[in-house]
Structure formats: C-alpha cells, structure tokens
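Let's work through some exercises on a protein fold together. Keep the sequence and the 3D view open, and try each task before you read its solution.

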Amino acid sequence: MRAFRAVTAMAAMAAVLLSAAVLCGCDSGGSDKPGASPSAPAATATATTTPAATTPTASAPGPTTPGPTAPGPTAPPSPGASTGATASSMPTSATERLVTVTRSGGFAGKTNSLLIKGDGSWTRLDAKAKPVGSGKLSPDELGRLRDALRAADFAHLPRVSMSGTVYDGFTYAFVHGGFEVVTADGSIPPGLQDVLAALPSFDG
C-alpha cells in the first residue's frame, strides 16, 4: 500500500514537472502564448503618387503694345514743296494790296473807296463795300502812284491830321504798308496830296 502511494506521488510530480517544462518552452518561443496575436507582416512600402505642389509659373508673355517710337530723321523738303502757307495765300507783287483810300463826307455825305493792287488794277466800292467800278492804271500812272507813296513816307506821317478841316469837305483814310493815316480837306500833308492826285476818280 505504501509502495502504491509512493508510485502515485512520483507520477503526479513527474506530470507537474512535465507541465512546467512545456510552459517554459511556450514562454521562450512566444508563439504559443495565450492571447498573443501573430506578428503583423512587414509593411510593404508602396509608392504613393502625390500630386506635386503646384507652384505659380510665369505665364508666357502676351503680345505687347509697341510704345511710341522715336521719330526718324526728317527728309528736307523737296524744291517747290509748300512749308505751311499755300501758294494761293502767298501775296505776290501783282496781287498784293498797294494802297486803299476811303473818301467820305462832302456836301452829299457820300462814301467811296479805291482799292489799288500791285499790278495797277483797281476797284471802286460804295458805302456798302459793293463794287461800282474797276479799271487798271497804265504803267506810267502806276509808277507815279508808287513814287508818290514812297515820297509820302507813311511811317513818319501823323496818324491823324485834321487841324484845318473845311466845312462840307472830305475826310480821307489811307492804308499803305501797314500804316493808316486819316486827314481831311484843309489839313492834307503835301505828300498825301500827291497820292490823291495819282489815284483814279472816286466818282463813277
């Protein structure tokens, strides 16, 4: 009986030792440990294509508006080319106004004007500046008028000379060479008397 109990005790002890050895082996490997999850497979690196950061790029230059260009050298005008004034507006010796004389007053109070051009052609105008006659001085008559105008020296004549006005006399206004002189019967300077004598008649 005692031998049976000893054998039984020894068997039980051997079972305990075996169980302990099994448990130790499981702990050292770690694969059979209760509750332990299998190790996760190594993460496979995947090439994730991410959109590249968009950076502002300089847009292609558009068409540019050409700025003002420096003027190039100006060619000299060709001979005979107009430089501002037209040929029709340029006075010539034949068409320029030589002298204008207006006579007014007298007993009837009439007003007439004589316009003489450089070629000797003349026009008579009434008080309303309406042409009432025309003609042309001969070369000798034109020469005498030019000499009288030159001798009168308009630049040094008094602008107004009417100190000895005659009752019912005429008043004269001369325009020549950019000067205007007013005088009247009884006060006419000698030089202007020669100009009056060289003019065509004021009466039609």
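The exercises below concern a predicted model, and they go from the sheet to the core and then to single residues.

**Exercise 1. The sheet**

Work out in which order the strands form the open sheet, and which strands stand at the edges.

Solution.
- Step 1: Start with the whole sheet. Seven strands form an open sheet in the order 4-3-2-1-6-7-5, with mixed pairing.
- Step 2: Look at both ends of that order. Strand 4 and strand 5 each have a single partner strand, so one side of each is left without a neighbour in the sheet.
- Step 3: Now go to strand 1 (97-105) and strand 2 (110-117). Strand 1 and strand 2 run antiparallel and are joined by eight bridges. One bridge pairs Thr 102 with Ser 113 in strand 2.
- Step 4: Find the turn of this hairpin. Four residues lie between the two strands, and Gly 106 has a positive phi near 80 degrees.
- Step 5: Cross to strand 6. Six bridges pair strand 1 with strand 6 in the antiparallel sense.
- Step 6: Go on to strand 7. Strand 6 and strand 7 also run antiparallel, joined by six bridges, and Ala 173 has Val 182 of strand 7 as its bridge partner.

A general point helps here: strands of a sheet pair through backbone hydrogen bonds, either parallel or antiparallel.

**Exercise 2. Helices on the sheet, and the core**

Find the strands that helix 2 lies across, and then name the residues with the most contacts inside the largest nonpolar core.

Solution.
- Step 1: Place helix 2. Helix 2 lies across strand 1, strand 2 and strand 6, at about 80 degrees to strand 1.
- Step 2: Place helix 3. Helix 3 packs on the sheet and touches strand 1, strand 6 and strand 7, with a direction at about 90 degrees to that of strand 6.
- Step 3: Turn to the core. The largest nonpolar core has 24 residues, and Ile 116, Leu 145 and Leu 199 have the most contacts inside it.
- Step 4: Ask who supplies it. Strand 1, strand 2, helix 2, strand 6 and helix 3 each give at least two residues. Helix 2 gives the most, with five residues.
- Step 5: Zoom in on Ile 116. Not counting residues up to four places away in sequence, the residues Ile 116 touches include Val 99, Trp 122, Leu 137, Leu 145 and Leu 199.

In soluble globular proteins, nonpolar side chains tend to be buried together.

**Exercise 3. A threonine in the sheet**

Decide whether Thr 100 is buried or exposed, and find what stands opposite Thr 100 in strand 6.

Solution.
- Step 1: Locate the residue. Thr 100 sits in strand 1.
- Step 2: Apply the cut-off. Thr 100 has a relative accessible area of 14%, and buried means under 20%. Therefore Thr 100 is buried.
- Step 3: Look across to strand 6, where Val 175 stands opposite Thr 100.
- Step 4: Compare sequence with space. Thr 100 and Leu 115 are 15 residues apart in sequence, yet their C-alpha atoms are 4.7 Å apart.
- Step 5: Check the side chain. A polar contact of 3.1 Å joins the side chains of Thr 100 and Arg 97.

**Exercise 4. Salt bridges**

Find how many salt bridges there are, and say which parts of the chain the pair Asp 203 and Arg 103 ties together.

Solution.
- Step 1: Count. There are two salt bridges.
- Step 2: Take Asp 203 and Arg 103, whose closest N and O atoms are 3.0 Å apart. Asp 203 lies in the segment after helix 3 and Arg 103 in strand 1, so this pair ties together parts that are 100 residues apart in sequence.
- Step 3: Check the surroundings of both partners. Asp 203 is partly exposed, at 39% relative accessibility, whereas Arg 103 is buried, at 12%.
- Step 4: Take the other pair. Asp 147 forms a salt bridge with Arg 150, with closest N and O atoms 3.0 Å apart. Both residues lie in helix 2, three residues apart, about one turn of the helix.
- Step 5: Check accessibility again. Asp 147 is partly exposed, at 47%, and Arg 150 is exposed, at 60%.

Notes: Residues numbered from 1 in each chain as written. Predicted model: local features only at pLDDT ≥ 70, side-chain atom pairs only at ≥ 80, totals over all residues. Heavy atoms only, no water. Core = buried A, V, L, I, M, F, W, Y, C linked by side-chain atoms within 4.5 Å. Buried < 20%, exposed > 50% of the residue type's maximum accessible area, 1.4 Å probe, protein only. Contact = heavy atoms within 4.5 Å. Pairing = 2+ DSSP bridges. Polar contact = N/O pair within 3.5 Å; in protein donor to acceptor, adjacent residues only side chain to side chain. Axes fitted to C-alpha atoms, helices over the stretch in contact; angles between N-to-C directions. Salt bridge = Lys/Arg side-chain N within 4 Å of Asp/Glu carboxyl O.
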